[in-house]
Structure formats: structure tokens, C-alpha cells
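Subject: Handing over the structure

Dear colleague,

I am passing this structure on to you, with the sequence and the coordinates together below. After them I set out what was found, sheet by sheet and then core by core.

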Amino acid sequence: SPWNIDYGCNIKDLSLEFSKSRKVLYVDVPLKRKERWLMKRKPLVAQAELRIKSGKLLQEVAQNVWHYIPDEILESVNQLKSNFLFDLINKINNKRFARAIQKAVTAAGFSDYILLNDNDIYNGLYLRQWLSPQKYIYYLRDNLPAMAYWKLHAGRLEPGLIRQVDAVVANSEYLAERAKAFNPESHYVGQGCDVTQFLERPDKGKIEKMLAGIPRPVIGYIGALNAERLDIALMVSLAKQMPDVSLVLVGKEDATFEQSELHQMQNVFFTGLKEFADLPAYLYGFNVVINPQKLNEITIGNYPRKVDEYLATGVPVVATRTDAMKTFQDHVYLGNNVEDYVRLIAQAIEENTDEKALARQAFARTHSWKNNADLIVEVIEKPRK
């Protein structure tokens, strides 16, 4: 992820946590030639181009954190169907990226360093050939080979990357176990989350304003409305089987959601994408919040960071049972199908108490970035066998 993205991401939050006791050099992946030609008006590309033209590739963006935008150029390879051609060009990309990282290390005055790869299979595959870090660590946070965009080559290449690194740190037990098949030094390190904003109940007027005109009780979802990850059929059935309940969906829709039957249902409400500062008001206004994930290779071991934010409000949570949700089973109602959702939503509303709400909040606080970063450092500092 580039440093200047406008939404939260794990590696940025971890970098800021690491910086409390260490120096951090955050190197963006170089722009692709196609991006520089065809997407130059996009903010991220325009910002990078300005830095490149000014020669100010390295900037201190926080105490102990330096951000480097490379002036190298990569070629687009993801959709190349030929393995031979992909591998040839991808190796050239890796050599350019390695050159950029070495420039960044020199510019920042680093002598020894740990190389932490943020789930980048393609651009991290050959870095060890040209760089000499103390250790090379692979941070595994998503099952990329299961995603449509990455299917052509990620599954073929990721095992080779995992085998060559000193250790893998994964944010779910499922992903750690999958990596362990290729590297015994694969460790579950949990997931961080800053739930501070969600712990305090917003003003009653703001909550009412957000949900004005929506009949109660309200069942809500907040997050990207992505058909690869969410079960639209389950949500349609839920709205049909609970006609006296309002289903409120807060977030940006993909094309499949935009064309779904949900838009024709009178008790389903789409709010669109909202400012992060407004999300607590929605959550505190919900009677129950849901995470209706599809069961597939993408979601089965994907850590649902949003569930920590949900729990931080104390509102009851009903979610689809996945491997990664085992961590939450004492504080979240887990179901397998729409019948479970109907039953568990009613149960969650019926038995909700202040005591249960406080327990949910206390649990959410344990998933801090400090705890997450400390576990990663433990793996990094583990002596080589």
C-alpha cells in the first residue's frame, strides 16, 4: 500500500507503532509505466510525480518514519497469461524495485535493516537476490491467490516466496497454517486495530440524524460492499424473512451490489460511502451489526478487522462462522446460514445487557497495534536455527 492512501491499512499502522522504538523506512512500490501515462491525474500518481520531479524522494512523515517514493518505473505484468513472459518481466521489475530500496536505504542513512514485505508476492519475489537485509520477513494478511485479480500467477509464485524468507507473520491462524506448509517459521501474530474512536457514544442527536426516517429495529453493516466477500443472497433472504427489520448498508458498492435485488427491497437502505468520523454514530444507532461474509477461499481465513470496531461500541454482532472468527466466538454470535442469522439477531436483541456490552468493548481493546507489533518483533528477534 502506498503511504499516501486515504484509508487505513495495516502496514501503515504497524509502521507508526514500530516507530515508537525503532526507525522505519516506508518504501512505496514504484509507479507502473501505464500509471504514469494514463492515470497521471489520479491524486496518488500526481503526488508521486511531484515528488519525483522535485527530487524530494525521501521525506520524514512522522517521528522516526521516513517515506520514500522511488523514481524507478515498473511494467504491468499481472494479466500476462504466459508464465515465461510474466516471469521474465517480473524479474526485471524486482531488480528495479531492489535498486529503489537500496537508494532509499542509502538516502535514509540506514546501515543494517530488516526487510518487511507487505503481502507483495510479485514485487518481493526476487528481492533477496539483490538486497542484503539482516532478515527478510513476509507479512501475510490476505489470501491473494484466491482473489480474481491475482489468480493468474499468485498461487504459482507465493509458495516460492514463503520458502525463501526468514519468517512469515500472518494476521490469522488460517493463513499462518497455510504458510507453514512451505516454511516452518510461520507465525500467527494477531491483528491490530485502533478502536479509540468507537469506544465513546456519540451525541444522541447525531445518531438520530444518521438514521432519520429508518424504522426500528435496525440491523446494520459498515464496510466495503464487495460481492467477492459478502453474501448478497443471504442478505436478500434476511430482508425477506425479517420484513419488520430495517437493513442499513453503509459503504461503497461494487457493480454487483449496485445491480442486486437489495435495491428493490423496501426495508433495505443504502447510505453510500461515509466519512470515518461518522461511522460510530451509525454503529451506536444499530440494534445489531452483521458481517455476512461468503464462505470462500478469500474469507475463510481473512481477519475481519471491522469486527473489532463493531465490538468496541458494545453493540451485539452476528457474523458468518469462518476459521478466522474462532478468535471472536465468545463475543460474537456465529451462524452458517440465513436461518441462523434470523434466530441469532432476535437472540442478540433479546439478551443484550450493559454487562455484555462492556465485555465486548474490553475484548476489542486487546487487539491493539502495540500487541500486534510486539508479536511481530518477537518473531524478528527470534534467533536463527
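In which sense, parallel or antiparallel, do strand 6 and strand 7 pair, and over how many bridges? The two strands pair in the parallel sense, over three bridges, and one residue pair to look for there is Val169 with His187, its bridge partner in strand 7. Please keep in mind throughout that this is a predicted model.

The sheet with strand 7

Strand 6 and strand 7 belong to an open sheet of four strands, which follow the order 4-5-6-7 with parallel pairing. At its edges stand strand 4 (114–118) and strand 7, each of which pairs on one side only. On average, and with direction ignored, neighbouring strands of this sheet are turned by 25 degrees against each other.

Helix 7 lies across strand 5, strand 6 and strand 7, and it runs at about 170 degrees to strand 7. Within this helix, which spans residues 173–180, Leu175, Ala176 and Ala179 are buried. Seen down the helix axis, the buried residues of helix 7 fall within an arc of 100 degrees, so they line one face of the helix. That fits a general rule: an α-helix has 3.6 residues a turn, so residues three or four places apart point the same way. The cover over the buried residues of helix 7 includes strand 5 (135–140), helix 6 (154–164), strand 6 (167–170) and strand 7 (186–188).

The sheet with strand 1

A further open sheet is formed by three strands in the order 1-3-2, and here the pairing is mixed. Strand 1 (24–27) and strand 2 (58–62) stand at the edges with a single partner strand each, so one side of each is left without a neighbour in the sheet. Neighbouring strands are turned by 30 degrees against each other on average in this sheet, again with direction ignored.

The mixed pairing can be followed strand by strand. Strand 1 and strand 3 run parallel and are joined by four bridges, with Tyr26 standing opposite His67 in strand 3. Strand 2 and strand 3, by contrast, pair in the antiparallel sense over four bridges, and in that pairing Leu58 stands opposite Tyr68 in strand 3. Strand 2 and strand 3 also form a hairpin with two residues between them, and in its turn Asn64 has a positive phi of about 70 degrees.

Two helices meet this sheet. Helix 1 (residues 10–18) lies across strand 1, strand 2 and strand 3, running at about 160 degrees to strand 1. Helix 4 packs on the sheet as well, touching strand 1, strand 2 and strand 3, and its direction makes about 145 degrees with that of strand 1.

A loop residue to look at

Leu80 is found in the loop between strand 3 (65–68) and helix 4 (83–108). With a relative accessibility of 23%, Leu80 counts as partly exposed. When residues up to four places away in sequence are not counted, Leu80 touches Leu85, Phe86, Ile89, Leu152 and His153. The C-alpha atom of Leu80 is separated by 27 Å from that of Trp3, a residue 77 places away along the chain.

The cysteines

How many disulfides does the structure hold? It holds zero disulfides. Cys9 is in no disulfide, and the nearest cysteine sulfur to its own, that of Cys193, is 13 Å away. Cys193 is likewise in no disulfide, with the sulfur of Cys9 as its nearest at 13 Å. Cys9 is buried, with a relative accessible area of 8%, and Cys193 is buried too, with a relative accessible area of 5%.

The nonpolar cores

The largest nonpolar core has 60 residues, of which Leu262, Phe286, Ile290, Val318 and Val332 touch the most other members. Helix 10 (residues 232–241) gives the most to this core, with six residues. Leaving aside its neighbours within four places in sequence, Leu262 is in contact with Ile232, Met235, Val236, Leu249, Phe257, Val268 and Phe270. Another core lies apart from the largest one and has 43 residues, among them Phe97, Leu127, Ala146 and Val168.

With kind regards

Terms used:
Residues numbered from 1 in each chain as written. Predicted model: local features only at pLDDT ≥ 70, side-chain atom pairs only at ≥ 80, totals over all residues. Heavy atoms only, no water. Buried < 20%, exposed > 50% of the residue type's maximum accessible area, 1.4 Å probe, protein only. Arc of directions from axis to C-beta. Contact = heavy atoms within 4.5 Å. Disulfide = S-S within 2.5 Å. Pairing = 2+ DSSP bridges. Axes fitted to C-alpha atoms, helices over the stretch in contact; angles between N-to-C directions. Core = buried A, V, L, I, M, F, W, Y, C linked by side-chain atoms within 4.5 Å.
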